[in-house]
Amino acid sequence: MQRLIDVRGRPWLVWVGLALVGLALALLPFALAQVGTTWVRITNYALLYVLLALGLNIVVGFAGLLDLGYIAFYAVGAYVYALLASPHFGLHLPFWIILPIGAAIAALFGVLLGAPTLKLRGDYLAIVTLGFGEIIRIFLNNLSRPVNITNGPQGISRIDPFSLDGFSFGTYETFLGVQFSAPIKYYYLLVLVALVVIAISVRLQDSRIGRAWEAIREDEIAARSMGINTRNMKLLAFAMGASFGGVAGGMFSAIQGFISPESFILVESIMVVSMVVLGGMGNIAGVVLGALLLSFVPEILRWTVEPAQRALFGRLIVEPEVIRMLLFGLALVLIMLFRPAGLVPSAVRRRELAERSAVPGGRAP
Amino acid sequence: MDTLLQQIINGLTAGSVYAIVALGYTMVYGIIQLINFAHGEVVMIGAMVAFTVINLLVPFGLPALAVVLIGTGCAIAVCMLVGYSVERFAYRPLRGAPRLAPLITAIGMSIILQHLAMLIWSRNVLAFPQIIESRTYFIGGAAITTVQIAILAICVALMAGLALLVYRTPLRTAMRATAQNPQVAGLMGVDINRVIAVTFILGAALGAIAGVLFGSYYGLAQYTMGSILGLKAFSAAVLGGIGNIPGAMLGGVLLGLVEALGAGYIGDFTDLCRYGWLSGAMDACRDGGHFILFGSNYQDVFAFIVLILVLVFRPSGLLGERVGDRA
């Protein structure tokens with residue numbers, strides 16, 4: 001692979017590069033705030049999608065299990081946080097207690113979903129997970145009677161922001177003469193969490209577990225005959241992916257301050273799948289890129305296409321939301337047709353997807 | 001009114017529509033082992049096209065039946081075209097690619113079709129025109145409308161027609177040959193591309209009719225109607241044994257019944273006040289009150305629960321035979 005800059009013999013260049021990236025990440029929210037605080041918020045949501053995409057990447061990319069109900073775990077995490085830190089039940093636990101609880105419960109749901117589907121092949125699994133996601137949403141929508149647990153379609157509001165020992169993420173603050181608004185504080189937190197999740201993903205990929213997942217993805221029977229406990233490994237993939245989703249959900253809850261089942265519809269699951277597929281299943285950098293692209297491009301379009309249409313035709317013809325969804329659909333189709341391994345393919349995936357069986361329409365042996 | 005009989009009638013009606021949609025899934029799966037995710041959207045487009053054409057024709061004062069037939073005909077034509085193009089552009093290039101690839105393009109196509117439909121027909125719920133007057137008959141305390149009778153009759157006719165087509169013509173041989181081994185089928189002179197295209201087109205035509213029936217049964221059409229209907233129909237196909245044509249018919253009808261009876265009785269069964277040992281302890285149960293855990297608003301859950309149970313306990317479905325290659 002050709003490198004942009006040759007760092008051989010100059011290891012300090014790597015540190016300089018890292019420092020520059022860090023500086024850029026640190027200064028980014030202030031630059032964005034100049035354009036408008038909305039853009040800081042958009043960046044925060046994009047980072048949440050990065051977290052989700054990285055979590056789904058464990059299930060889809062590493063273990064090769066297509067999960068179309070991933071947003072259910074996000075919902076579980078979000079609702080756990082909302083129920084334990086809002087006036088709905090009058091509970092106000094601190095976030096560092098709730099987030100692990102949310103992650104654990106989401107992981108439990110992951111295992112609950114994984115256990116009955118262990119024996120299913122890819123496409124069946126996709127449909128079952130999709131059904132599971134819908135079941136969770138239907139329950140969230142209806143668990144307001146006879147005992148009001150989720151408050152139904154109205155959702156839960158006035159959710160506590162993160163706060164730690166008097167320092168709240170939900171308020172405006174001036175520190176060393178610099179003004180930190182709530183979204184900017186969350187931005188730093190999200191970047192931190194995203195970096196941690198990326199680090200975990202990278203370490204996982206090269207670990208014994210990661211290699212076991214890869215083996216299962218390539219050929220489950222061969223993997224089993226090599227002594228891999230495929231059942232436990234698949235369950236672990238579901239549980240880990242789900243727990244990442246749970247953490248992201250908890251953060252979503254706190255950042256937004258309000259959640260309702262509307263936020264966890266099927267389309268959201270498909271969006272996260274699109275991000276993973278676009279970037280390149282199994283490739284961490286690719287997945288991050290995919291999530292950022294599919295979060296920002298629609299927003300940029302929203303801010304350009306809408307005024308452009310009004311200027312040209314005097315009215316709105318194509319809603320930005322539609323363009324956004326068409327983009328997701330097109331991304332899925334075109335990527336699969338022309339670049340099946342994603343924008344930034346992982347080496348293994350590229351090899352695997354380039355190999356086509358000799359028989360057209362042939363069944364996998 | 002007799003709830004049991006009423007729910008059975010409603011279940012049979014909805015179930016026969018599911019069966020028709022399920023046929024589209026099962027035929028395609030039977031031949032190329034692909035879950036045609038976009039099939040639900042084809043059904044939706046069928047309903048929408050019929051809606052538009054019927055509304056356009058109403059002012060001309062044609063006989064109602066003719067209007068409905070023309071509307072359905074247009075829907076079938078458009079859906080065949082959509083079904084063929086989806087196969088041609090999104091699935092055919094990926095034939096022989098790893099399994100996940102066509103599944104992902106299928107999801108993509110489904111989103112694209114759904115949102116194109118939204119652009120054309122807006123995001124509103126459209127009131128499906130009821131131009132043939134519906135009458136209600138009573139059988140043993142249960143009501144059945146002319147629409148329901150028509151749906152049942154049309155579905156039975158369609159299933160019979162399809163069975164004739166698939167079991168009594170050379171098409172059957174070609175389809176089975178393609179399903180078993182496309183390469184050898186090709187060597188034997190079967191034009192596999194044509195067979196697969198015909199399968200998609202047949203499925204889409206059935207889907208179009210199902211869309212019209214579904215729209216006229218509920219009186220509504222919306223761009224999102226395809227996804228949930230598609231999922232239920234897919235569950236029905238799996239219940240019957242995917243790839244198996246009689247299985248899809250059986251699965252559809254059974255799923256409709258399970259759903260209707262489930263929605264009709266779940267409230268009664270989960271009313272904790274029915275159970276003596278619990279009702280004494282709860283305030284809500286005094287003076288004949290109820291404490292219903294799950295009401296009929298959980299109707300949509302049944303299809304998914306059926307799907308999961310079937311896949312866990314009998315992945316080959318009720319009538320399916322090939323277990324090994326699917327589990």
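What percentage of the 327 residues in chain B is buried? The share is 49%. Keep in mind while reading on that this is a predicted model.

## Chain B overall

Let's start with the chain from that opening question. Chain B carries twelve helices and four strands. Its radius of gyration comes out at 21 Å, close to the 20 Å that the globule rule gives for 327 residues, so chain B is as compact as a globular protein of that length. If you draw a box around its C-alpha atoms along the principal axes, you get roughly 75 × 55 × 40 Å.

How do the contacts spread along the sequence? Take the contacts in chain B with a separation of 6 or more: 76% of them involve residues 24 or more positions apart.

## Chain A overall

Now for chain A, which has 13 helices and six strands. Its C-alpha atoms fit in a box of roughly 60 × 60 × 50 Å along the principal axes. A compact globule of 365 residues would have a radius of gyration near 21 Å, and chain A agrees because its own value is 21 Å.

Of the 365 residues in chain A, 47% are buried. As for contacts between residues at least 6 apart in sequence, 74% of those in chain A link residues at least 24 apart.

## Where the chains meet

The contact between the two chains draws on 43 residues from chain A and 46 residues from chain B. On the chain B side, four helices each put in at least two residues: α4 (100-121), α7 (182-187), α9 (225-240) and α12 (299-313). Which of these gives the largest share of the side of chain B that touches chain A? That would be α4(B), with 13 residues. Sorted by class, the chain B side of the contact has 33 nonpolar, eight polar and five charged residues.

## A closer look at Ile107(B)

Ile107(B) is a handy residue to click on, and you'll find it in helix α4 of chain B. Is Ile107(B) buried or exposed? It counts as buried, because 27 other C-beta atoms lie within 10 Å, and the cut-off for buried is 20 or more.

Leaving out residues up to four places away in sequence, Ile107(B) touches Ile270(A), Leu332(A) and Phe37(B). So its list of partners takes in residues of chain A as well as one of chain B. There is also Asn36(B), which sits 71 residues away from Ile107(B) along the chain, with 8.5 Å between the two C-alpha atoms.

## Two helices packed in chain A

Two packed helices are described by the angle between their axes and the distance between the axes. For α3 (residues 71-84) and α4 (residues 95-117) of chain A, the angle is about 145° and the axes are 9 Å apart. The crossing of α3(A) and α4(A) is right-handed.

Which residues make this contact? From α3(A) they include Phe73(A), Val76(A), Val80(A) and Leu84(A), and from α4(A) they include Ile98(A), Ile101(A), Ile105(A) and Phe109(A). Glycines take part too, among them Gly77(A) of α3(A) and Gly102(A) of α4(A). By class, the contact of α3(A) with α4(A) has twelve nonpolar residues, three polar ones and no charged ones.

## A hairpin in chain B

Strands β2 (residues 136-139) and β3 (residues 142-145) of chain B pair in the antiparallel sense, over four bridges. To trace the pairing on screen, look for Thr136(B) opposite Thr145(B), then for Phe138(B) with its bridge partner Ala143(B). Two residues lie between the strands, and in this hairpin Gly140(B) takes a positive phi near 50°.

## Two positive phi values outside glycine

Arg158(A) and Gln33(B) are worth a look as a pair. Arg158(A) has a phi near 50°, a positive value in a residue other than glycine. Its place is in the loop between α5 (122-142) and β3 (163-164) of chain A. Arg158(A) counts as exposed because it has 11 C-beta neighbours inside 10 Å, with the limit for exposed set at 12 or fewer.

Gln33(B) also has a positive phi, near 50°, and is likewise a residue other than glycine. Look for Gln33(B) in the loop between α1 (3-32) and α2 (39-57) of chain B. Why is Gln33(B) classed as buried? Because 20 other C-beta atoms lie within 10 Å of it.

Terms used: Residues are numbered from 1 along each chain as its sequence is written. Chains are lettered from A and ligands numbered from 1 in the order in which they are written. This is a predicted model: local features need pLDDT of at least 70, side-chain atom pairs count only at pLDDT 80 or more; totals for chains, interfaces and linings use all residues. The radius of gyration is taken over C-alpha atoms; the globule rule is 2.2 Å times the number of residues to the power 0.38. Two residues are in contact if their C-beta atoms, placed from the backbone, lie within 7 Å. Ala, Val, Leu, Ile, Met, Phe, Trp, Tyr, Cys and Pro count as nonpolar, Asp, Glu, Lys and Arg as charged, and the others, Gly among them, as polar. Axes are lines fitted to C-alpha atoms, for helices over the stretch in contact, and angles run from 0 to 180 degrees between N-to-C directions. A crossing is left-handed if the near helix is turned anticlockwise from the far one by less than a right angle, and right-handed if clockwise. Two strands pair if DSSP finds at least two bridges between them.
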